[in-house]
Amino acid sequence: MALTNIKWLMCLLILSESTLAQAKCLTTVSQLKANNVKARWHETTENDGKPLMISITDGANGLVYSAKKAGVLWLTGKVSVCPTGRATEITLKNTKATSNVPMLARLALPSTQSAQIVNDQIKLGGGGWGGTFIGQ
């Protein structure tokens, strides 16, 4: 009987810790601003003179992002922004590429990318692509 109670207690502790970790993530643009996290990101490493611009907005179920290149929509998805001690981690997930993205890039594009925000910069990459973005 005592062993079963200990197992339940352990399960509850594990579940509550993961819930607490999720609760620390920022879920609105207002929370981003209150924590000095930018909602717009400008690519600085493009080689075609057309930087990718990422905008984070409030969505129906949390934060979402869109990325445009030369004013044309390229990517959309969900985004999580989570302070983790001394740093803040940003994760772009469920990424969907539009037909404006070249076919080879669409095929290689990872659906999830994460980076730490350091000095208002993030370095994203994957699938043979990488870019540095500064917060605006």
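This is a short talk on the fold, the core and the largest pocket of one protein chain. The model I am showing is predicted.

Let me start with the overall layout. The secondary structure comes to three helices and eight strands. Going along the sequence, the order is α-α-β-β-β-β-β-α-β-β-β. The protein has 136 residues, and 29% of them count as buried. If you take the contacts with a separation of 6 or more, 36% come from residues 24 or more positions apart.

Next, the strand pairing, beginning with β2 and β3. These two are antiparallel and share eight bridges. One of the pairs to look at is T57, whose bridge partner in β3 is V64. The connection from β2 to β3 is a hairpin, made through two residues.

The pairing carries on from β3 to β4, again in the antiparallel sense, with six bridges. Here K68 stands opposite L73 in β4. β3 and β4 also form a hairpin with two residues between the strands, and in that turn A70 has a positive phi of about 55 degrees.

Further along there is β7 with β8. They run antiparallel and are joined by six bridges. K123 stands opposite T132 in β8. Two residues lie between the strands of this hairpin, and G127 takes a positive phi near 65 degrees.

As a general remark, side chains in a regular strand alternate between the two faces of the sheet.

Now the core. Which residues have the most contacts inside the largest nonpolar core? They are I56 and I90, in a core of 24 residues. At least two core residues come from each of α2 (29-34), β2, β3, β4, β5, β6 (113-117) and β7. The element that gives the most is β4, with four residues.

I90 deserves a slide of its own. Leaving out residues up to four places away in sequence, I90 touches W41, I56, V79, S80, V81, Q113, S114, A115, I117 and I122. So the two residues with the most contacts inside the core, I56 and I90, also touch each other.

The next residue along is T91, in strand β5. Is T91 buried or exposed? T91 counts as buried because its relative accessibility is 13%, and the cut-off for buried is under 20%. With the same sequence neighbours left out, T91 touches K78, V79, S80, T112, Q113 and S114. For S114, the C-alpha atom is 4.2 Å from that of T91, although the two residues are 23 apart along the chain.

Last, the pocket. Rolling a probe the size of a water molecule over the atoms shows where empty space is left. The largest pocket has a volume of about 440 Å³. It is lined by 25 residues, and those closest to its centre are L52, K69, W74, A105 and W129. Two or more lining residues come from each of β2 (52-59), β3 (62-69), β4 (72-84), β5 (87-97), α3 (103-108), β7 (121-126) and β8 (129-135). By type, the lining holds 14 nonpolar, seven polar and four charged residues.

One comparison of the two lists, to finish. β2, β3, β4, β5 and β7 are among the elements that supply at least two residues to the core, and they are also among those that give two or more to the pocket lining. That is the end of the talk.

Technical notes:
Residues are numbered from 1 along each chain as its sequence is written. This is a predicted model: local features need pLDDT of at least 70, side-chain atom pairs count only at pLDDT 80 or more; totals for chains, interfaces and linings use all residues. Side-chain values use heavy atoms; hydrogens and water are left out. On a 1 Å grid over the protein atoms alone, a cavity is a set of points where a 1.4 Å probe fits but cannot get out, and a pocket is an open set with protein on both sides within 12 Å along at least five of seven lines; lining residues have an atom within 4 Å of a point. Grid points are joined across faces, edges and corners, and a volume is the space filled by probe spheres set on the points. Ala, Val, Leu, Ile, Met, Phe, Trp, Tyr, Cys and Pro count as nonpolar, Asp, Glu, Lys and Arg as charged, and the others, Gly among them, as polar. A nonpolar core is a set of buried Ala, Val, Leu, Ile, Met, Phe, Trp, Tyr and Cys residues joined through side-chain atoms within 4.5 Å. Buried means under 20% relative accessible area, exposed over 50%, partly exposed in between (1.4 Å probe, protein chains only). Contact means heavy atoms within 4.5 Å. Two strands pair if DSSP finds at least two bridges between them.
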